[in-house]
Amino acid sequence: MSTVYTTEDLLRILAEEYRACLNGQRLNLAATGVEANPVVAPFLNTEAIQKFSAYRDFRAAVHRYQIEHQVSGIVWRQLSVQDQTLEFPEVAEQLVALPNDVAVLKQAKPKILDFWSQVTVGMDFYLVTNHGKESDRITASEVLPIAQRADWVGLSKHERVDFLQVILQLGANQRPATSYPQGWLELGSDFICAVNPGQNPIF
């Protein structure tokens with residue numbers, strides 16, 4: 001009986017393949033960029049397109065393997081804010097979530113929202129919608145009712161010496177394809193940004 005790769009195995013394999021593609025060891029010679037956008041294709045670096053396409057094709061094969069063998073896309077991470085730390089599940093950046101993974105995310109929602117409520121006291125809140133194109137200031141009392149309507153939530157932060165932003169992703173009736181904030185924008189997920197008073201969110 002053949003061994004089924006674990007989530008950690010798949011992440012390691014993807015990282016190795018990504019490095020190989022960047023180094024030009026893997027190319028999709030059929031990829032020219034024309035199929036994506038014939039207008040800008042003449043201005044694109046063909047080798048870069050071939051590297052990206054080779055990795056994208058390999059990642060798609062890994063996603064099919066995940067689904068066929070029911071290999072979870074969930075990883076557990078820790079996030080520390082204001083001297084408080086939460087361990088919670090999220091979808092690994094290069095993997096997809098299975099239906100069981102979405103159930104795990106839903107179960108973690110109350111714990112994430114409780115942590116969010118504790119670490120964002122006194123902060124300003126912005127609801128970001130329309131693929132990150134629109135942001136509206138909302139009150140603290142509006143945050144949880146909005147978040148409660150989400151099927152699952154994700155958590156991230158940006159922090160510098162003079163800046164803190166805690167991001168609550170709001171997922172609704174879709175599988176989260178990635179945990180990475182930029183991926184959230186591609187999905188069209190809404191999210192709530194908490195920033196220190198007087199600061200503006202970045203996304």
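Trainee: Which residues of the largest nonpolar core touch the most other members?
Mentor: Keep in mind that this is a predicted model. The largest nonpolar core has 26 residues. Those touching the most other members are Ile112, Trp116, Leu155, Val166, Leu168, Leu170 and Ile192.

Trainee: And which element gives the most to this core?
Mentor: Quite a few elements chip in: β1, β2, α3, β3, α4, β5, β6 and β7 each supply at least two residues. With six residues, the one giving the most is α3.

Trainee: How many residues are in the other core?
Mentor: That other core lies apart from the largest one. Leu10, Leu14, Ala54 and Tyr55 are among its members. As a general point, nonpolar side chains in soluble globular proteins tend to be buried together. The count for this other core is 10 residues.

Trainee: Is Ala54 buried or exposed?
Mentor: Ala54 sits in helix α2, which covers residues 46–69. Its relative accessible area is 13%, and the cut-off for calling a residue buried is under 20%. So Ala54 counts as buried.

Trainee: How far apart in space are Ala54 and Leu22?
Mentor: In sequence, 32 residues separate Ala54 from Leu22. Going C-alpha to C-alpha, the distance in space is 9.8 Å.

Trainee: Let's do the sheet. What is the order of its five strands?
Mentor: It's an open sheet, and the pairing is antiparallel. The order reads β4-β3-β7-β6-β5.

Trainee: Which strands stand at the edges?
Mentor: Look for strands with a single partner. Each of those has one side left without a neighbour in the sheet. From one strand to the next, the twist averages 25°. The edge strands are β4 (134–138) and β5 (152–160).

Trainee: What is the bridge partner of Tyr126 in β4?
Mentor: β3 and β4 run antiparallel, and five bridges join them. In β4, the residue bridging to Tyr126 is Arg137.

Trainee: Which helix packs on the sheet with its direction at about 50° to that of β5?
Mentor: This helix touches β3, β5, β6 and β7. Another helix, α4 (residues 140–148), lies across β3, β4, β5, β6 and β7, but runs at about 125° to β4. The one you're after spans residues 99–119 and is α3.

Trainee: Asp124 caught my eye. Which side chain does its own side chain make a polar contact with?
Mentor: Asp124 is in strand β3 and is buried, at 11% relative accessible area. Its side chain also reaches the backbone nitrogen of Gly198 at 3.0 Å. Leaving aside neighbours within four places in sequence, its contacts include Cys193, Ala194 and Val195. The side-chain partner, at 2.9 Å, is Arg137.

Trainee: What is phi of Asp83 near?
Mentor: Gln82 and Asp83 both lie in the loop between β1 and β2. Gln82 has a positive phi near 50° and is partly exposed at 47% relative accessibility. Asp83 counts as exposed at 86%. Its phi is also positive, in a residue other than glycine, and is near 65°.

Trainee: How many salt bridges does a search of the whole structure find?
Mentor: One of them pairs Glu159 with Lys157, the closest N and O atoms being 2.7 Å apart. Glu159 is exposed at 51%, whereas Lys157 is partly exposed at 25%. The search of the whole structure finds seven.

Trainee: Which residues do salt bridges that share partners join into one network?
Mentor: Start with Arg12 and Glu16, whose closest N and O atoms are 3.6 Å apart. Both lie in helix α1, four residues apart, which is about one turn of the helix. Arg12 is partly exposed at 41%, and Glu16 is partly exposed at 40%. The salt bridges that share partners join Asp9, Arg12 and Glu16.

Trainee: Why does the salt bridge of Arg77 with Glu90 tie together parts that are 13 residues apart in sequence?
Mentor: The closest N and O atoms of this pair are 3.2 Å apart. Arg77 is partly exposed at 25%, while Glu90 is buried at 15%. The pair ties those parts together because Arg77 lies in strand β1 and Glu90 in strand β2.

Technical notes. Residues are numbered from 1 along each chain as its sequence is written. This is a predicted model: local features need pLDDT of at least 70, side-chain atom pairs count only at pLDDT 80 or more; totals for chains, interfaces and linings use all residues. Side-chain values use heavy atoms; hydrogens and water are left out. Buried means under 20% relative accessible area, exposed over 50%, partly exposed in between (1.4 Å probe, protein chains only). A polar contact is a pair of N or O atoms within 3.5 Å; within protein, one must be able to donate a hydrogen and the other to accept it, and residues adjacent in sequence count only if both atoms are side-chain atoms. Contact means heavy atoms within 4.5 Å. Two strands pair if DSSP finds at least two bridges between them. Axes are lines fitted to C-alpha atoms, for helices over the stretch in contact, and angles run from 0 to 180 degrees between N-to-C directions. A nonpolar core is a set of buried Ala, Val, Leu, Ile, Met, Phe, Trp, Tyr and Cys residues joined through side-chain atoms within 4.5 Å. A salt bridge is a side-chain nitrogen of Lys or Arg within 4 Å of a carboxyl oxygen of Asp or Glu.
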